[in-house]
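The following questions and answers examine a single protein chain. Please consult the sequence and the structure while reading.

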Amino acid sequence: MAGKDRERFSTSTRLRLLGEQTAARVYRSQNRRQARRSRLTGRAAFLALVVCSLVVALAYPMRQYVSQRDEIAGQEQLAREAQARTEELRDEKARLQDDAYIMRLARQHLHYVLPGETGFTVADPDAAEDRRGEPGAGHRPWHSNLWGGVDDADREDRD
């Protein structure tokens, strides 16, 4: 018994026991940390999976919602424009009921004159040149003007 007590209380035995106890504590704490980490990682992975699922599930309906809102806004704009055009046409219809307005339009656009009046048409040679678009075009044959216009249109397309 005295040998066991001595061995039990010897310094080397005590240091060895202390080292084993310390190693066991460190091993247990590492296992606990790893267990906590793995549980936390599992929870985090599940949470990430749930969030990704929600994003995927809601992405298409949200895109549809936004596109439909844009389409509704566009249709409302078209409706406002149509309403404004309708009002303009109603005003024009009301003006066309007035004989004085009709007479003014006939004089202005159709060059009508009232009985007893004399109508004049003034020919301005400079205005004819301006209408053709290029100076000197009135002095060339008609087919040259035609092909020149085609060539000009081709040059504009290339630019």
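**Salt bridges, helices and surface**

Q: How many salt bridges does a search of the whole structure find?
A: This is a predicted model, in which local features need pLDDT of at least 70 and side-chain atom pairs count only at pLDDT 80 or more, while totals for chains, interfaces and linings use all residues. Residues are numbered from 1 along each chain as its sequence is written, and side-chain values use heavy atoms, with hydrogens and water left out. A salt bridge is a side-chain nitrogen of Lys or Arg within 4 Å of a carboxyl oxygen of Asp or Glu. By that criterion, the number found in the whole structure is four.

Q: What confidence does the chain average?
A: The predictor's confidence in each residue is given as pLDDT, from 0 to 100. Confidence is lowest in helix H1 (residues 2-9), with a mean of 55, and highest in H3, with 90. Of the residues, 79% score at least 70, and the chain averages a pLDDT of 81.

Q: Which pattern does the chain follow along the sequence?
A: Helices (H or I, at least four residues) and strands (E, at least two) are DSSP runs, numbered from the N terminus. The chain contains five helices and zero strands. Read along the sequence, the pattern is therefore α-α-α-α-α.

Q: What percentage of the residues in the chain is buried?
A: Buried means under 20% relative accessible area, exposed over 50%, and partly exposed in between (1.4 Å probe, protein chains only). The chain has 159 residues, and the buried share of them is 3%.

Q: Which residue forms a salt bridge with Glu88?
A: Glu88 lies in helix H2, and its partner lies in that helix three residues apart from it, about one turn of the helix. Glu88 is partly exposed because its relative accessible area is 47%. The N to O distance of the pair is 3.4 Å, and the partner is Arg85.

Q: What is the N to O distance in the salt bridge of Glu92 and Arg95?
A: Glu92 and Arg95 are three residues apart in helix H2, so about one helical turn separates them. Glu92 counts as partly exposed at 24% relative accessibility, and Arg95 also counts as partly exposed, at 38%. Their side chains meet at a distance of 2.5 Å.

Q: Which residue forms a salt bridge with Arg107?
A: The closest N and O atoms of Arg107 and Glu117 are 2.7 Å apart. Arg107 lies in helix H3 and Glu117 in the loop between H3 and helix H4 (125-132), so the pair ties together parts that are ten residues apart in sequence. Arg107 is partly exposed at 32% relative accessibility. At 37%, partly exposed as well, the partner is Glu117.

Q: How far apart are the end C-alpha atoms of helix H3?
A: Helix H3 (residues 99-110) has twelve residues. The expected span of a helix is 1.5 Å times one less than its number of residues, so H3 should span 16 Å. In agreement with that expectation, its end C-alpha atoms are apart by 15 Å.

Q: Which residue follows H3 and has a positive phi?
A: Most residues other than glycine have a negative phi. The residue in question is not a glycine, yet its phi is positive, at about 60°. It is placed in the loop between H3 and H4 and counts as exposed because its relative accessibility is 66%. The residue that follows H3 is His111.

Q: What is the approximate area of the nonpolar surface patch that includes Met62?
A: Met62 lies in helix H2 (residues 11-96) and counts as partly exposed because its relative accessibility is 48%. Patches are made of residues with over 30% relative accessible area and no salt bridge, with like charges joined within 9 Å and nonpolar side chains (Val, Leu, Ile, Met, Phe, Trp, Tyr) within 5 Å. Accessible areas come from the Shrake-Rupley method with a 1.4 Å probe, and for residues only the protein chains shown count as cover. The patch, made by Phe46, Leu49, Val50, Leu54, Leu58, Met62, Tyr65 and Val66, has an area of about 810 Å².
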